[in-house]
Amino acid sequence: MNFDVGYMLGIIPQILTYLPITLFISLCSIVLATVLGAGLAVLLRGIRPLALFAHLYISFFRGTPVLVQLLIIYFGLPQLFPVLNSLSATHAVIIGLSLNSAAYLAEVFRAAIDSVDRGQWEASLASGLSHVNAARRILLPQACRNAIPAAGNIWIGLIKNSSLAFTLGVSELLAGGKLIATESLKFFEAYFAVGLVYWALTIVLSALQRQLERYIGKPYVL
């Protein structure tokens, strides 16, 4: 097998020039997906019409491929809503990844909330705390601690799914790797280098996740 290690290492700095757009897509999607996922988790526990909407949303976005969703958002929706013709590919990817990941995060957050003993909620209300204070001081700290491991896995998956932006013409890491490989025809080395960059990103996010778990896991006071 002819694998040019020196070439593979040498093109990593070139590939890293495409890293900012990947980070931009990933971080924006993580924030939006987390907020939307939390909102869906609340709807799942709400009145029946809202809960049915949340279940339908989750079923669709978990039951269809991410790439299909991106293509629908970027190419399909502008045909129905001409105002979206100005939607850039980057923004379409952020919207698509956010909507998709929110469906998974909603179930994570719902399970995390349900994992907190309901007796603690009832006891906090009986002790005189308002619903807001009971949620902020009793429910949410425990729910967040329970949700972080599973949510972290979804965030990592979202970073890797950002490579699908390549299919819409966004110049992110994978697109950069292909452009570099086209010049030398060393596709194996170029794609392997791209894989190493994504691997490094997931290692960094995993380390941040562990730090967050330790921070949230500290004893707290009312």
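## Exercises on a predicted model

Phe 60 sits in helix α4, which covers residues 48-63. Keep in mind that this is a predicted model. Let's work through three exercises.

**Exercise 1.** Work out whether Phe 60 is buried, partly exposed or exposed, and find the surface patch it helps make.

*Solution.* Start with the number: Phe 60 has 40% relative accessibility. Next, bring in the cut-offs: buried is under 20%, exposed is over 50%, and partly exposed is in between. So Phe 60 counts as partly exposed. Now look for its partners: Phe 60, Val 68 and Ile 72 make a nonpolar surface patch of about 240 Å².

**Exercise 2.** Describe the largest pocket: what is its volume, and what lines it?

*Solution.* First, the volume comes to about 300 Å³. Then go to the lining, which has 15 residues; Ala 38, Phe 109, Leu 140, Cys 144 and Ala 147 are the ones nearest the centre of the pocket. Two or more lining residues come from each of α3 (19-44), α6 (89-115), α8 (131-161) and α10 (187-216). Of these, α8 gives the largest share, six residues. Finally, sort the lining by type: 14 residues are nonpolar, one is polar and none is charged.

**Exercise 3.** Place Leu 173: which helix holds it, is it buried or exposed, and how far is it from Ser 163 in space?

*Solution.* Leu 173 belongs to helix α9, residues 173-184. Its relative accessible area is 0%, so Leu 173 is buried. As for Ser 163, count 10 residues along the sequence from Leu 173, while the C-alpha to C-alpha distance is 7.0 Å.

Definitions and conventions. Residues numbered from 1 in each chain as written. Predicted model: local features only at pLDDT ≥ 70, side-chain atom pairs only at ≥ 80, totals over all residues. Heavy atoms only, no water. Patch = residues over 30% accessible without salt bridge, like charges linked within 9 Å, V, L, I, M, F, W, Y side chains within 5 Å. Areas by Shrake-Rupley, 256 points an atom, 1.4 Å probe, with all protein chains shown as cover. Salt bridge = Lys/Arg side-chain N within 4 Å of Asp/Glu carboxyl O. Helix = DSSP H or I, 4+ residues; strand = E, 2+ residues; numbered from the N terminus. Buried < 20%, exposed > 50% of the residue type's maximum accessible area, 1.4 Å probe, protein only. 1 Å grid on protein atoms, 1.4 Å probe; cavity = no way out; pocket = protein on both sides within 12 Å on 5 of 7 lines; lining within 4 Å. Points joined across faces, edges and corners; volume = space filled by probe spheres on them. Nonpolar A, V, L, I, M, F, W, Y, C, P; charged D, E, K, R; others polar.
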